[in-house]
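Trainee: Could you take a close look at one part of this structure for me and say what surrounds it? Please spell out each cut-off as you go, since I would like to reproduce the values.

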Amino acid sequence: MVQFFYIIQILSGLFLILLVLLHSPKGDGMGGMMGSASQLFASQKTAEKGLNKVTYITGGIFILTTFLLGFGIIK
């Protein structure tokens, strides 16, 4: 059972790194990664909201597994 949570923690950690790197540093959304082609994304705000939601959920899973494994709740 512990091995399952270790695998979940590792996968969520790697996925969290990927999701954080997808966020734009300037706050202008996913269109900022394409340079001046931000008008290509008609639903830029919706895509950014979806990316934020997935990042929050993945971060929550990572924190939950960290606490469960760190405090020895799962044996």
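Mentor: Happy to. A residue is called buried when its relative accessible area is under 20%, exposed when it is over 50%, and partly exposed in between, using a 1.4 Å probe and protein chains only. By that scale L19 is buried, with a relative accessibility of 4%, so let us make it our starting point.

Two notes on the model before we go on. This is a predicted model, in which local features need pLDDT of at least 70 and side-chain atom pairs count only at pLDDT 80 or more, while totals for chains, interfaces and linings use all residues. Residues are numbered from 1 along each chain as its sequence is written, and side-chain values use heavy atoms, with hydrogens and water left out.

The chain has 2 helices and 0 strands; these are DSSP runs numbered from the N terminus, with helices (H or I) of at least four residues and strands (E) of at least two. L19 belongs to helix α1. Setting aside residues up to four places away in sequence, L19 touches L51, V54, T55 and T58, where a contact means heavy atoms within 4.5 Å. Its C-alpha atom is also 9.8 Å from that of G59, a residue 40 places away in sequence.

One of those partners, T55, lets us look back from the other helix. T55 sits in helix α2, which covers residues 44-70, and it is buried at 12% relative accessibility. Beyond its neighbours within four places in sequence, T55 is in contact with L16, L19, V20 and H23. With H23 there is something extra: the two side chains make a polar contact of 3.2 Å. Such a contact is a pair of N or O atoms within 3.5 Å; within protein, one must be able to donate a hydrogen and the other to accept it, and residues adjacent in sequence count only if both atoms are side-chain atoms.

Now follow the two helices to another place where they touch. Q9, in helix α1, is buried at 17% relative accessibility. Not counting residues within four places in sequence, Q9 contacts F62, T65, T66 and L69. L69 belongs to helix α2 and is buried too, at 16%. Its own contacts, with the sequence neighbours up to four places away left out, are V2, F5, Y6 and Q9. L69 and F5 are 64 residues apart along the chain, yet their C-alpha atoms are separated by 7.5 Å.

F5 brings us to the aromatic rings. Rings of Phe, Tyr and Trp (its six-membered ring) pair if their centres lie within 6.5 Å, with planes under 30 degrees apart counted as stacked, over 60 as edge-to-face and the rest as tilted. The count by this rule is 2 aromatic pairs. In one, F4 and F5 meet edge-to-face, at 5.6 Å centre to centre with 75° between the planes. F5 itself is buried, at 15% relative accessible area. In the other, F67 and F71 are stacked, with centres 5.8 Å apart and planes at 0°. F67 is partly exposed at 47%, whereas F71 is exposed at 64%.

Helix α1, residues 2-22, also includes L21, which is exposed at 65% relative accessibility. L21 joins I10, L14 and I17 in a nonpolar surface patch with about 450 Å² of accessible area together. Accessible areas come from the Shrake-Rupley method with a 1.4 Å probe, and for residues only the protein chains shown count as cover. Patch members have over 30% relative accessible area and no salt bridge; nonpolar side chains (Val, Leu, Ile, Met, Phe, Trp, Tyr) are joined within 5 Å, and like charges within 9 Å. A salt bridge here is a side-chain nitrogen of Lys or Arg within 4 Å of a carboxyl oxygen of Asp or Glu.

Finally, the whole chain as a setting for L19. Of its 75 residues, 24% are buried. The chain exposes about 5,600 Å², with carbon and sulfur atoms supplying 73% of it. Among contacts between residues at least 6 apart in sequence, 66% join residues at least 24 apart.
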